[in-house]
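Hello,

Here is the structure I said I would pass on. My notes on it follow.

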Amino acid sequence: MRCLGALESVRVSPLASLSVNGGTGKEVTLGTGLHLRYSTTPLRSSLSFTLPNSFFFRTKAPSQRTVSFYCHSSLTPELKTTLDKVVSSQKVVLFMKGTKDFPQCGFSNTVVQILRSLNVPFETINILENEMLRQGLKEYSSWPTFPQLYIEGEFFGGCDITVEAYKSGELQELVEKAMCS
């Protein structure tokens, strides 16, 4: 979920807390599916909300400062359906920066080299070609960085997790099991 504020861009998850100057405790549910709750302490104010896919709201804190946000989810229902199909279309799928023949990131290159050393067929998707895919995939996997490895349609992990699993032998076992199913 990305929220664009009046002063700066803010990234939040579908259930998030944002700091707001001023305010007293209040809870509001709007017909759009947006649920707002904010409260304050002498030193800190927070605004929590549950988000639909897209919305705009403006709030005026008691300090009379107006705060505006436009929020939308990069993971549209259509993109989620597409990602479900992509990750289940192959036994091993790697979302990475670049391609397996031309990695554009050291972490992506590391995972490619690990998969090649295991002699496993895998598909790669270059997330640098599509910003909507890149942002949506972060929400889809609940993982903020790339590369992202999927085995049998399930998110496995990023580079660090893949390296650890490779060193322990866990990755080889999992990949062998996936290839046999």
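**Overall picture**

Among contacts in the protein between residues at least 6 apart in sequence, 52% join residues at least 24 apart. Please keep in mind that this is a predicted model. The protein has 5 helices and 12 strands, and 40% of its 181 residues count as buried.

**Helix α5**

Helix α5 spans residues 170-180, and Leu171, Val175 and Ala178 are buried in it. These three sit on the same side of α5, because they cover an arc of only 60° around the axis. The general rule behind this is that an α-helix has 3.6 residues a turn, so residues three or four places apart point the same way.

What covers that buried side? The cover over the buried residues of α5 includes two helices, α2 (106-117) and α4 (159-168), along with the strands β11 (148-151) and β12 (154-157).

On the face of α5 turned away from the buried side are the exposed residues Glu173, Lys177 and Cys180. Cys180, which belongs to helix α5, has a relative accessible area of 70%. That value is over 50%, so Cys180 counts as exposed. From Cys180 to Lys91 the C-alpha to C-alpha distance is 9.9 Å, although the two are 89 residues apart in sequence.

**Helices α2 and α4**

Two of the elements that cover α5, namely α2 and α4, also pack on each other. Their axes come within 9 Å and cross at roughly 30°. An angle under 35 degrees counts as roughly parallel, so α2 is roughly parallel to α4. The crossing of α2 and α4 is left-handed. On the α2 side the contact is made by Phe107, Thr110, Val111, Ile114 and Ser117, and on the α4 side by Cys159, Thr162, Val163 and Tyr166.

Lys167 is also in helix α4. Is Lys167 buried or exposed? Its relative accessibility is 70%, so Lys167 counts as exposed. The C-alpha atoms of Lys167 and Ile114 are separated by 9.8 Å, with their positions 53 residues apart along the chain.

**Gln148 in strand β11**

Gln148 lies in strand β11, which is one of the elements covering the buried residues of α5. With a relative accessible area of 0%, Gln148 is buried.

Which polar partners does the side chain of Gln148 have? One is the side chain of Ser141, in a polar contact at 3.0 Å. Another is the backbone oxygen of Thr145, which lies 3.2 Å from a polar atom of the Gln148 side chain.

Leaving aside neighbours within four places in sequence, Gln148 is in contact with Val93, Leu94, Phe95, Leu137, Lys138, Ser141, Trp143, Phe155 and Gly157. Ser141 therefore appears both in this list and as a polar partner of the Gln148 side chain.

**Asn126 in strand β10**

Asn126 is in strand β10, residues 123-126. Asn126 has a relative accessible area of 13%, and this is under 20%, so the residue counts as buried. The side chain of Asn126 reaches the backbone nitrogen of Leu128 at 2.9 Å. Beyond its neighbours within four places in sequence, Asn126 is in contact with Met96, Lys97, Gly98 and Thr99.

Regards

Methods
Residues are numbered from 1 along each chain as its sequence is written. This is a predicted model: local features need pLDDT of at least 70, side-chain atom pairs count only at pLDDT 80 or more; totals for chains, interfaces and linings use all residues. Side-chain values use heavy atoms; hydrogens and water are left out. Buried means under 20% relative accessible area, exposed over 50%, partly exposed in between (1.4 Å probe, protein chains only). Helices (H or I, at least four residues) and strands (E, at least two) are DSSP runs, numbered from the N terminus. The arc is that of the directions from the helix axis to the C-beta atoms. Contact means heavy atoms within 4.5 Å. A polar contact is a pair of N or O atoms within 3.5 Å; within protein, one must be able to donate a hydrogen and the other to accept it, and residues adjacent in sequence count only if both atoms are side-chain atoms. Axes are lines fitted to C-alpha atoms, for helices over the stretch in contact, and angles run from 0 to 180 degrees between N-to-C directions. Angles under 35 degrees count as roughly parallel, over 145 as roughly antiparallel, 65 to 115 as roughly perpendicular and the rest as oblique. A crossing is left-handed if the near helix is turned anticlockwise from the far one by less than a right angle, and right-handed if clockwise.
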